[in-house]
Amino acid sequence: MSGRPPARKIPVGLSTASVWPQPAASAFESAAELGYDGVEVMVWADPVSQDVAALGRLVERSGVPVLAVHAPCLLISQRVWSSDPVERLRRSVRAATELGAPTVVLHPPFIWQRRYAEVFPALVAELEDQTGIAIAVENMFPVRSGLGRGRSVAMTAFKPSIDPTDVGHRHYTLDLSHTAAAQMDALELAKRMGDGLTHVHLADGSGASKDEHMVPGRGNQPCAQLCEGLASGGFAGQVVLEVNTRKARSTAERTEMLNEALLFARLHLEWR
């Protein structure tokens with residue numbers, strides 16, 4: 001007999017952002033049709049993404065659970081639920097609790113959110129203690145400003161940096177499209193996150209300075225190697241496909257992309 005422990009199935013979810021500009025309901029439908037294990041809800045302009053009761057009805061109708069709630073952190077969602085980022089985070093945690101999701105995905109504060117940045121580490125820890133929800137802070141990427149004559153400079157929009165391990169949190173989200181845009185070593189970042197790595201946004205990138213969210217396997221990120229390491233290392237979190245399907249010319253083409261992404265994840269997350 002082998003002395004190996006039994007295989008642990010790592011849940012593979014679909015981000016509602018992966019069907020944009022389609023609404024959240026389409027993500028639940030696609031997840032159910034293709035056999036995803038759950039959905040990550042990106043809270044943004046889509047009214048359903050902001051409505052916990054409506055999301056609960058989608059869970060009941062589709063049979064697909066919510067694995068994570070992505071707090072409204074994007075520039076386009078700065079007034080969703082509240083203009084106060086502290087209140088937005090609190091509401092995200094309440095939403096996750098009501099929906100039975102174990103994880104909230106959160107970006108670091110923007111550099112202009114000085115008061116929020118000052119309380120951010122303590123606030124995240126406090127909410128985790130109160131609720132048992134893992135608040136997984138995500139790695140980001142710099143923006144580039146043109147200097148003319150083909151030159152540019154990378155600048156961070158986040159405080160203190162794009163790397164949440166610079167602060168130190170209990171839980172992290174690793175986004176491979178963001179590591180590509182930041183030209184960071186994804187495997188080294190995963191090592192720094194250590195046992196705090198709770199959530200993965202599985203996507204790919206070419207190394208361009210923009211956030212591409214390609215289907216895994218189509219870019220230069222170590223998507224397969226990371227997944228295989230998660231499977232062999234006893235990873236107890238969730239892997240969510242957050243891919244860009246905006247250029248899909250039809251529903252069928254979008255479905256093909258989401259199915260390809262799921263098959264890639266399942267292939268490389270098999271215990272080895």
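Axes are lines fitted to C-alpha atoms, for helices over the stretch in contact, and angles between N-to-C directions run from 0 to 180 degrees. The exercises below apply this to a predicted model.

**Exercise 1. Determine how helix α3 is oriented against helix α4, and describe their contact.**

Step 1. Helix α3 comprises residues 85-99 and helix α4 comprises residues 114-131. Their axes come within 11 Å and cross at roughly 20 degrees.

Step 2. Angles under 35 degrees count as roughly parallel. The crossing angle therefore makes α3 roughly parallel to α4.

Step 3. The crossing in which α3 passes α4 is right-handed.

Step 4. On the side of α3, the contact is formed by Pro85, Val86, Leu89, Arg90, Val93 and Thr97. On the side of α4, the residues are Tyr116, Val119, Leu123, Val124, Glu126, Leu127 and Thr131.

Step 5. Sorted by class, the contact of α3 with α4 contains 9 nonpolar, 2 polar and 2 charged residues.

**Exercise 2. Carry out the analysis for helix α2 and α3.**

Step 1. Helix α2 covers residues 52-62. It packs against α3 at an angle of about 30 degrees, and the two axes are 10 Å apart.

Step 2. The limit for roughly parallel is an angle under 35 degrees, so α2 is roughly parallel to α3.

Step 3. α2 passes α3 in a right-handed crossing.

Step 4. Val52, Leu55 and Gly56 of α2 make the contact with Ala95, Glu98 and Leu99 of α3. This contact has 4 nonpolar, 1 polar and 1 charged residues.

**Exercise 3. Describe the packing of α1 and α2.**

Step 1. The axes of α1 and α2 are 10 Å apart, and the packing angle is about 20 degrees.

Step 2. α1 and α2 are therefore roughly parallel to each other, and their crossing is right-handed.

Step 3. From α1, the residues Ala24, Ala25, Phe28 and Ala32 meet Leu55, Leu58, Val59 and Ser62 of α2. The contact of α1 with α2 divides into 7 nonpolar, 1 polar and no charged residues.

**Exercise 4. State how the strands are arranged and which helices lie on them.**

Step 1. The barrel is closed by 8 strands with parallel pairing, in the order β1-β2-β3-β4-β5-β8-β9-β10. On average, neighbouring strands of this sheet are turned by 25 degrees against each other, direction ignored.

Step 2. One pairing may be examined in detail. Strand β1 (residues 12-15) and strand β2 (residues 38-42) run parallel and are joined by 3 bridges. Gly13 stands opposite Gly38 in β2.

Step 3. Helix α8 (residues 251-269) packs on the sheet and touches β1, β9 (197-202) and β10 (238-241). The direction of α8 makes about 150 degrees with that of β1.

Step 4. α4 lies across β4 (103-106) and β5 (134-138), and runs at about 145 degrees to β5.

**Exercise 5. Classify the ring pair of Phe110 and Phe158 and locate both residues.**

Step 1. A pair of aromatic rings is described by the distance of the centres and the angle of the planes. Rings pair if their centres lie within 6.5 Å, and the count for this model comes to 4 aromatic pairs.

Step 2. For Phe110 and Phe158 the ring centres are 5.2 Å apart and the planes stand at 20 degrees, so the pair is stacked.

Step 3. Phe110 belongs to the loop between β4 and α4, and Phe158 to the loop between β7 (151-155) and β8 (172-175). The pair thus links distant parts of the chain, 48 residues apart.

**Exercise 6. Locate the cis peptide bonds before Pro21 and Pro160, and the positive phi of Trp81.**

Step 1. Most residues other than glycine have a negative phi, and most peptide bonds are trans.

Step 2. Trp20 and Pro21 are joined by a cis peptide bond with omega of about 15 degrees. Pro21 lies in the loop between β1 and α1 (24-34).

Step 3. The peptide bond from Lys159 to Pro160 is also cis, with omega near 5 degrees. Pro160 is placed in the loop between β7 and β8.

Step 4. Trp81, a residue other than glycine, has a positive phi near 70 degrees. Trp81 is found in the loop between β3 (66-70) and α3.

Definitions and conventions
Residues are numbered from 1 along each chain as its sequence is written. This is a predicted model: local features need pLDDT of at least 70, side-chain atom pairs count only at pLDDT 80 or more; totals for chains, interfaces and linings use all residues. Side-chain values use heavy atoms; hydrogens and water are left out. Helices (H or I, at least four residues) and strands (E, at least two) are DSSP runs, numbered from the N terminus. Angles under 35 degrees count as roughly parallel, over 145 as roughly antiparallel, 65 to 115 as roughly perpendicular and the rest as oblique. A crossing is left-handed if the near helix is turned anticlockwise from the far one by less than a right angle, and right-handed if clockwise. Contact means heavy atoms within 4.5 Å. Ala, Val, Leu, Ile, Met, Phe, Trp, Tyr, Cys and Pro count as nonpolar, Asp, Glu, Lys and Arg as charged, and the others, Gly among them, as polar. Two strands pair if DSSP finds at least two bridges between them. Rings of Phe, Tyr and Trp (its six-membered ring) pair if their centres lie within 6.5 Å; planes under 30 degrees apart count as stacked, over 60 as edge-to-face and the rest as tilted.
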